[in-house]
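Please look at how charged side chains pair across this structure, and then at how one of its helices is packed. The explanation below takes these two topics in turn.

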Amino acid sequence: MFSNFGCGIIVPILKDRLGDVSSLDNYRAITVSNTIAKVFELCLLRKFGDFLTSHRLQFGFKKGVGCSNAVFSLQQVTSYFTKRGSCVYLSSLDASKAFDRVTHAKLFDKLANRNVPHCLLRVLHNWYNKLVSVVKWNGVLSKSFVVSCGVRQGGVLSPFLFNLYVDELIYELEASDAGCCVCGNFFGCIMYADDLLLLSASVSGLQCMLDICYKFGVENDIIFNQKKSVCIRI
């Protein structure tokens with residue numbers, strides 16, 4: 001029965017009905033998961049949630065924290081520097097399909113390095129080794145195929161696992177001393193799920209943080225989309 005927890009049904013949803021319906025880019029894949037599996041994940045989250053925390057500058061998927069908090073932080077940091085006669089150099093990075101690119105082996109390594117209880121680690125490792133999906137199109141199901149990367153779409157634990165997967169990046173940016181600091185507190189990056197803002201008082205500082213993001217992306221199979229990434233000066 002536990003093997004059924006890893007099964008998902010992918011339903012392609014058309015993004016633009018006036019666009020090219022034959023283009024794969026015009027579809028968004030939604031995965032329908034087992035309801036009992038979600039209940040099981042809720043139980044795991046209640047018992048082991050304290051081991052799945054992330055940096056304070058990650059504002060995504062946290063109770064009592066949201067996009068408005070991230071926007072407020074951005075406004076306050078830029079206001080703090082501009083009122084003191086300094087510019088703020090900002091870069092907005094977009095990670096392409098970041099949730100689907102999570103490498104399972106690296107994810108488990110990061111969990112182990114956090115001293116996550118072995119029982120939880122074994123459950124997740126066993127679970128992710130059973131991930132398979134089928135595509136549903138016009139009421140017909142395709143043959144099943146193995147899902148070898150990415151966190152489970154729609155999974156209760158998936159946002160927490162993703163936050164943990166990219167958490168190291170925020171700490172590396174903080175350690176670089178290249179970003180904005182307010183009263184000794186680092187605010188050089190603001191992250192909301194897979195969307196990342198970099199803030200620095202100098203061009204060289206911003207370049208340093210961009211280099212860190214590039215290196216982290218190479219090491220963790222995350223690709224930043226240059227078409228959706230921008231740099232501005234405030």
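In this predicted model, K106 has a relative accessible area of 29%, which makes this lysine partly exposed. The side chain of K106 forms a salt bridge with D221, and the closest N and O atoms of the two are 3.9 Å apart, a separation that still falls within the 4 Å cut-off used for such a pair. Because K106 belongs to helix α3 (residues 104-113) while D221 sits in the loop between α6 (203-220) and β11 (230-233), their pairing ties together parts that are 115 residues apart in sequence. D221 is partly exposed as well, with a relative accessible area of 30%.

Side chains of opposite charge can pair when their charged atoms come close. How many salt bridges does the structure hold? There are four, and the pair of K106 and D221 is one of them.

Helix α3 also contributes K110, which forms a salt bridge with E168, the closest N and O atoms here being 3.2 Å apart. Since E168 lies in helix α5 and K110 in helix α3, this salt bridge ties together parts that are 58 residues apart in sequence. Is K110 buried or exposed? With a relative accessibility of 11%, K110 counts as buried, whereas its partner E168 is partly exposed, at a relative accessible area of 39%.

A further salt bridge joins the side chains of E41 and R152, with 2.9 Å from N to O. E41 is part of helix α1 (residues 35-48) and R152 is part of the loop between β6 (145-146) and α5 (158-175), so this pair ties together parts that are 111 residues apart in sequence. Both E41 and R152 are buried.

The second topic is helix α4, which spans residues 118-128. Which residues of helix α4 are buried? They are L120, L121, L124, W127 and Y128. When one looks down the axis of α4, these buried residues fall within an arc of 135 degrees, and therefore they line one face of the helix. On the face of α4 that is turned away from this buried side, one finds the exposed residues H118 and R122. The cover over the buried residues of α4 includes α1, α3 and α5, and the salt bridges described above involve these helices too, with E41 coming from α1 and with K110 and E168 coming from α3 and α5.

Conventions: Residues are numbered from 1 along each chain as its sequence is written. This is a predicted model: local features need pLDDT of at least 70, side-chain atom pairs count only at pLDDT 80 or more; totals for chains, interfaces and linings use all residues. Side-chain values use heavy atoms; hydrogens and water are left out. Helices (H or I, at least four residues) and strands (E, at least two) are DSSP runs, numbered from the N terminus. Buried means under 20% relative accessible area, exposed over 50%, partly exposed in between (1.4 Å probe, protein chains only). The arc is that of the directions from the helix axis to the C-beta atoms. Contact means heavy atoms within 4.5 Å.
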